[in-house]
Every structure is written in C-alpha cells, then in structure tokens.
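Student: I have a structure open and would like to go through its packing with you. Could we begin with the core?

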Amino acid sequence: MDFICGGQWQEFRASIRRFVNTFQQAHCELVVFFSGGIEEDMRAEWARKKSQNRDTVNMVMQGLRQRGYAPDRKHFLPNETHPQVFRQVLLNCHVTVISTPYSALIPR
C-alpha cells in the first residue's frame, strides 16, 4: 500500500538533502519561496480542481476494492501535504524559506 501513503519518505528527504548539500558545498545560500493563500478570484478554480481530485481518489479507491491492486500512474495525485512537508525538510536542512502572503499564481 506504499503508493497510497505517498511513496518513499526516506528517499524524498535524502533527495532534498543532496540537492541542498550541492548548494552548500558551493557556498551558495539557497532561498525557497512558497506561494501563500488562495486569492479570491482563484477560489472557484481551486474548488473545481479539488472536486476533480476527489473524484479521481474515489475512482482509485473503487478500483482497489474491485481489483485489489495499484492504479495506473495516470491516476497519481500528489499528497496535499507535500508543500508543508517539503518546507519542513528544507527548514531542517537550514534553508531559508519564505512564504508569500498571497498566491504566487498569476491568473491567465
């Protein structure tokens, strides 16, 4: 059931540490910016995407119950907590992390 739990946590952390170490060995300070909240005009799109994700998760779970094996990769959804986990791993690696007060997405 590893595919449901979000993958290999230790490998994820090790990859980030290697990435950060590359910059640190070159004596470069790494600064990472994270997008802030969802702005008013983007909320409808955000809600639509969340609804689509919920439908995909329901389809995957139904398939698991019926077939008993992992879904196709095309149905993969990143874990909703990845930004927070990524941020925490960066902080643990002594990387400067800045969160913007607003969404960094530019409406198209």
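Student: Which residues make up the largest nonpolar core?

Tutor: In this predicted model, the largest nonpolar core has 10 residues: I16, V20, L30, V32, F34, V89, L90, C93, V95 and V97.

Student: And which elements give two or more residues to this core?

Tutor: Helix α2, strand β1 and helix α4 each do so. As background, nonpolar side chains in soluble globular proteins tend to be buried together.

Student: What is V97 in contact with, leaving aside its neighbours within four places in sequence?

Tutor: V97 is in contact with V32, F34, R87, L90 and L91. Of these contacts, V32, F34 and L90 are also listed in the core.

Student: Turning to aromatics, how many aromatic pairs are there?

Tutor: The count is two aromatic pairs. One of them is F19 with F23, whose ring centres are 5.1 Å apart; the planes meet at 65°, which is over the 60 degrees required, so the pair is edge-to-face.

Student: Where do F19 and F23 lie?

Tutor: Both belong to helix α2 (residues 9–25), and because they are four residues apart, about one helical turn separates them. In general, an α-helix has 3.6 residues a turn, so residues three or four places apart point the same way. F19 is partly exposed at 46% relative accessible area, and F23 is partly exposed at 29%.

Student: What about F34 and F86?

Tutor: F34 and F86 form an edge-to-face pair, with 5.8 Å centre to centre and 70° between the planes. F34 is in strand β1 (residues 31–34) while F86 is in helix α4 (residues 82–92), so this pair ties together parts that are 52 residues apart in sequence.

Student: Is F34 buried or exposed?

Tutor: F34 is buried, with 14% relative accessibility. Its partner F86 is partly exposed, at 30%.

Student: Moving to helix α3, how many residues has it, and what does it reach from first C-alpha to last?

Tutor: Helix α3 (residues 43–67) has 25 residues and reaches 36 Å, close to the 36 Å expected at 1.5 Å a residue. Its buried residues are V60, G63 and L64.

Student: What happens just after α3?

Tutor: G68 follows there, with a positive phi of about 80°.

Student: Lastly, how many disulfides does a search of the whole structure find?

Tutor: The search finds zero disulfides. As for cysteines, C28 is partly exposed, with a relative accessible area of 40%, whereas C93 is buried at 8%. C93 is also one of the core residues named earlier.

Definitions and conventions
Residues are numbered from 1 along each chain as its sequence is written. Side-chain values use heavy atoms; hydrogens and water are left out. Rings of Phe, Tyr and Trp (its six-membered ring) pair if their centres lie within 6.5 Å; planes under 30 degrees apart count as stacked, over 60 as edge-to-face and the rest as tilted. Buried means under 20% relative accessible area, exposed over 50%, partly exposed in between (1.4 Å probe, protein chains only). The expected span of a helix is 1.5 Å times one less than its number of residues. A nonpolar core is a set of buried Ala, Val, Leu, Ile, Met, Phe, Trp, Tyr and Cys residues joined through side-chain atoms within 4.5 Å. Contact means heavy atoms within 4.5 Å. A disulfide is a pair of cysteine sulfur atoms within 2.5 Å.
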